[in-house]
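Here are some exercises to work through with the model open beside you. Try each task before you read its solution.

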Amino acid sequence: MKKIFSILAIVAFVCLAATSCEKDSPSGSGTAVYSSGISSSQGDPTVAFQIAEIYSKKFATISGATISGATITIEGKFSESDSKVLNACKAAESEASQIKIEGSDYVVYNVRASYIGTDKVIDKFYNKTYGKK
């Protein structure tokens, strides 16, 4: 009985966590602007450059997005725009995780989301650390 209660508690926690993540984005439609790049790194700068390039290439494949340097702009439903960017980030993760990072070196990649016409800004919309920070 305790095992069942523990499992139900874990499921409830996961559901609440998933719901709170979805509520980070505002509802509605408009222009979403995502600023991306390396927020911090230590070690070989060519490794950070390689990781940034992988993300840039994945962002370039987002349908309906306008890319200008490290900025991605998407018109439409905010939830759909968020999904497109997160899917590109996940695709980049699998490739970037293949890059070897030595010792205590690390690279932190961050995406910040701003929703035009709302007061909503998510500084750590997406944040991934490669290596050991």
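**Exercise 1.** Which elements of the chain have the lowest and the highest mean pLDDT?

*Solution.* Start with the ground rules: this is a predicted model, in which local features need pLDDT of at least 70, side-chain atom pairs count only at pLDDT 80 or more, and totals for chains, interfaces and linings use all residues. Residues are numbered from 1 along each chain as its sequence is written, and side-chain values use heavy atoms, with hydrogens and water left out. The pLDDT is the predictor's confidence in each residue, from 0 to 100. Helix H1 (residues 2-22) has the lowest mean, 38, and strand E4 (residues 106-115) the highest, 98. Next, look at residues 1-23: their pLDDT is below 50, and beyond near neighbours in sequence they make zero contacts in the model (contact means heavy atoms within 4.5 Å). Where pLDDT is low, predicted coordinates should not be read in detail.

**Exercise 2.** Find the order of the strands in the open sheet.

*Solution.* First list the elements, which are DSSP runs numbered from the N terminus (helices are H or I, at least four residues; strands are E, at least two). They run α-β-α-β-β-α-β-β. Two strands pair if DSSP finds at least two bridges between them, and the five strands take the order E2-E3-E1-E4-E5 with antiparallel pairing. Strand E2 (65-68) and E5 are at the edges; each has a single partner strand, so one side of each lacks a neighbour in the sheet. From one strand to the next, the twist averages 20 degrees. Within the sheet, E1 and E3 are joined by seven bridges, and Ser 35 lies opposite Thr 71 in E3.

**Exercise 3.** Which residues have the most contacts inside the largest nonpolar core?

*Solution.* A nonpolar core is a set of buried Ala, Val, Leu, Ile, Met, Phe, Trp, Tyr and Cys residues joined through side-chain atoms within 4.5 Å. Buried means under 20% relative accessible area, exposed over 50%, and partly exposed in between (1.4 Å probe, protein chains only). The largest core has 27 residues, and Tyr 34, Ile 51, Tyr 55, Phe 59, Val 85, Val 111 and Phe 125 have the most contacts inside it. Now zoom in on Val 85: leaving out residues up to four places away in sequence, Val 85 touches Tyr 34, Phe 59, Ile 62, Ile 74, Val 111 and Phe 125.

**Exercise 4.** Where is Ser 39 found?

*Solution.* Ser 39 belongs to strand E1 (residues 29-42). Its relative accessible area is 46%, so Ser 39 is partly exposed. Beyond neighbours within four places in sequence, Ser 39 contacts Val 108, Asn 110 and Asn 127.

Methods:
Axes are lines fitted to C-alpha atoms, for helices over the stretch in contact, and angles run from 0 to 180 degrees between N-to-C directions.
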